[in-house]
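User: Please take a close look at one part of this model, the side-chain packing. Give it as one connected account, with the cut-off for each term where it comes up.

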Amino acid sequence: MGARPAATKLHISPAAARRTSFLPIATVALLCSASYFLGAWQHGGFSSSPASSSVSIAAAVSCTTTTSTKRPGKQTPRGNPSLDFSAHHAAAAVHRSPAGGRYEACPAKYSEYTPCEDVKRSLRYPRDRLVYRERHCPTTERERLRCLVPAPAGYRNPFPWPASRDVAWFANVPHKELTVEKAVQNWIRVDGDKFRFPGGGTMFPHGADAYIDDIGKLIPLHDGSIRTALDTGCGVASWGAYLLSRDILAMSFAPRDSHEAQVQFALERGVPAMIGVLASNRLTYPARAFDMAHCSRCLIPWHLYDGLYLIEVDRVLRPGGYWILSGPPINWRKYWKGWERTKEDLNAEQQAIEAVARSLCWKKIKEAGDIAIWQKPANHASCKASRKSKSPPFCSHKNPDAAWYDKMEACVTPLPEVSDASEVAGGVIKKWPQRLTAVPPRVSRGSIKGVTSKSFVQDTELWNKRVRHYKGVINQFEQKGRYRNVLDMNAGLGGFAAALANDLVWVMNMVPTVGNFTTLGVVYERGLIGSYQDWCEGMSTYPRTYDLIHADSVFTLYKNRCEMDFILLEMDRILRPEGTVIIRDDVDMLVKVKSVADGMRWDSQIIDHEDGPLVREKILLVVKTYWTAKEQNQ
């Protein structure tokens with residue numbers, strides 16, 4: 001494996017070294033004694049679960065003279081030296097690890113490995129309705145990789161945002177297929193050792209900016225009422241990339257298919273994207289998530305299967321949300337020859353789409369040139385009575401938010417009940433940016449178990465405090481452009497992402513399926529994006545997706561559910577070289593995590609909680625060292 005001579009170290013804000021003297025030693029001795037008796041009293045009087053990091057657990061931590069395992073030149077946190085709990089928590093650190101305690105690198109052929117979208121494994125599944133392109137994760141231990149996925153030879157840190165929107169290193173995604181296949185459509189081109197993204201697309205030859213301006217003439221893109229968007233069949237995500245300058249955050253997805261690495265290109269550009277497909281399973285988002293959905297020649301058969309795919313778009317659209325379609329069959333009178341289809345065929349397809357839209361009570365706003373736009377009703381008060389066709393029926397006894405391997409159904413997801421026809425089902429959401437910190441309707445209406453308006457505000461304040469602490473101890477936050485793609489593995493109410501809203505980053509908020517998954521709806525109501533995820537499985541993304549990964553109580557949550565090292569290896573797969581990981585958890589759990597992480601080419605250090613050393617929860621800070629696959633094929 002190739003490695004740079006000077007691997008990145010964990011840069012933590014420096015502090016004046018604490019010199020040994022009698023007074024500090026005496027003070028520490030007294031504090032240790034006091035904390036010991038306090039801890040003994042607490043542990044004898046009651047028990048607390050470390051699973052919720054929103055509640056600080058005051059407990060004594062065994063006192064020790066700190067022993068540093070830092071590499072030369074590594075800096076310690078401001079007023080917070082490196083902590084070594086291994087001698088006092090060794091019994092808790094039992095885990096299965098590879099021989100010698102170090103994980104080997106996978107062969108270079110796995111540099112773009114996606115465990116749940118593996119091309120070879122997918123061939124076992126039906127081709128009908130593209131089921132084989134859905135998630136199909138390893139089911140046996142033999143199928144799972146227990147090695148470190150390498151970066152390709154010559155890998156370089158991506159360009160910082162906003163330059164990354166338009167340029168990426170060729171070595172990072174060494175594929176020329178799209179530059180040939182989409183040459184006339186201005187998607188992407190090779191320029192020496194770089195890729196250039198001109199911003200074009202199949203249906204926007206004049207660029208995504210001009211195309212979005214055309215959409216903005218038909219619906220309000222500039223007043224903050226549209227914040228979250230869904231791009232189905234996104235290509236290299238130019239639509240989502242250019243929406244960002246308008247304060248609109250798009251979740252772009254496309255399958256891992258013949259358009260090799262299209263989602264990977266999007267992520268290299270610093271644009272939110274995931275691997276995904278409309279096939280048989282629901283999209284992994286809650287109901288009423290997106291203000292706008294979009295398809296630009298995405299080749300999804302909206303008119304087939306009783307309108308099943310358009311019904312799924314209806315599920316994830318907010319009341320009053322918009323669906324935008326460009327490409328076949330829209331404007332077929334102009335393009336039918338170029339599309340190599342008959343007028344009759346294209347007209348029949350459009351009429352079928354129009355019929356499905358009417359059955360969903362959507363209103364067609366406008367068809368102008370190559371663009372057609374429909375709007376979902378604000379509620380179903382009049383829809384249930386006025387629909388001429390009773391097909392598809394309204395769904396019954398189905399959780400509208402359930403979307404983790406749940407099958408799509410040919411029924412309409414009913415909106416929450418309203419008292420009159422003018423009311424917005426589920427409640428009115430404030431415009432961006434006010435919606436980020438306003439109490440979301442799902443919270444104010446009591447839809448989220450255990451969350452009140454007061455606790456929501458407290459959670460927002462708590463994460464503001466925690467992020468300030470992170471920025472105070474991690475110097476990388478001070479480096480402009482250092483972080484762009486950020487992952488929160490246990491997002492809760494989205495407080496971590498909200499605290500970073502003014503930074504030049506976007507956050508993928510993952511809500512574990514084993515926890516309170518209803519909070520993902522709150523994340524979207526705040527104007528943020530995310531998805532469901534089971535961390536015992538791989539994530540639907542390419543290796544080297546994220547610059548920063550945040551994991552709050554993830555390992556406690558998944559204790560006894562799956563192997564710890566499987567989660568850590570997945571984190572390593574999706575983390576970029578020289579990327580950062582922040583792990584919060586109980587100290588016993590963090591000692592276990594660090595014992596595994598030390599064998600993964602990670603530079604790690606445990607530091608105290610932001611509220612001080614007596615809090616049992618600690619923070620593990622990690623930087624992944626730079627290394628790549630060998631130059632020659634393996």
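Analyst: **Packing of the side chains**

S553 lies in the loop between β15 (546-552) and α15 (554-557); helices (H or I, at least four residues) and strands (E, at least two) are DSSP runs numbered from the N terminus. The model is predicted, with local features needing pLDDT of at least 70 and side-chain atom pairs pLDDT 80 or more, while totals for chains, interfaces and linings use all residues. Residues are numbered from 1 along each chain as its sequence is written, and side-chain values use heavy atoms, without hydrogens or water.

S553 is not a glycine, yet its phi is positive, at about 60°. With 2% relative accessibility, S553 is buried (buried is under 20% relative accessible area, exposed over 50%, partly exposed in between; 1.4 Å probe, protein chains only). D306, also not a glycine, has a positive phi near 60°. D306 belongs to the loop between β8 (290-296) and α7 (308-316) and is exposed, at 65% relative accessible area.

Helix α7 also holds V313, which is buried with a relative accessible area of 0%. Leaving aside residues up to four places away in sequence, V313 touches A293, W302, W323 and W362 (a contact is heavy atoms within 4.5 Å). The C-alpha atoms of V313 and T232 are 9.6 Å apart, with their positions 81 residues apart along the chain.

Two of the contacts of V313, W323 and W362, also pair with each other through their rings. The whole structure has 19 aromatic pairs, a pair being rings of Phe, Tyr or Trp (its six-membered ring) with centres within 6.5 Å, stacked if the planes are under 30 degrees apart, edge-to-face if over 60, and tilted otherwise. The pair of W323 and W362 is tilted, at 5.8 Å centre to centre and 50° between the planes. It links distant parts of the chain, since W323 is in strand β9 (residues 317-326) and W362 in the loop between α9 (343-359) and β10 (363-368), 39 residues apart. W323 is buried at 1% relative accessible area, and W362 is buried at 6%. For F477 and Y483, the ring centres are 5.1 Å apart and the planes at 65°, so this pair is edge-to-face. Both F477 and Y483 are buried. Ring pairs also join F170, F195, F197 and F265 into a cluster.

W302 and W323 appear again in the largest nonpolar core, a set of 136 residues in which M292, W302, W323, L487 and M571 have the most contacts (a nonpolar core is buried Ala, Val, Leu, Ile, Met, Phe, Trp, Tyr and Cys joined through side-chain atoms within 4.5 Å). Domain 1 (205-386) and domain 2 (433-624) both supply residues to this core, so it lies between them; the bounds come from an automatic or database domain assignment. In soluble globular proteins, nonpolar side chains tend to be buried together. Beyond residues up to four places away in sequence, M571 touches M489, I549, A551, F555, V581, I583 and W602. A second, separate core has nine residues, among them A168, F197, V236 and A261.

Charged ends also meet rings. R227 places its charged end over the ring of W432, 3.6 Å from the centre (a charge sits over a ring if NZ of Lys or CZ of Arg is within 6 Å of the ring centre and within 35 degrees of the ring normal). W432 is joined to P433 by a cis peptide bond, with omega about 10°. The charged end of R129 sits over the ring of Y305, 5.1 Å from its centre.
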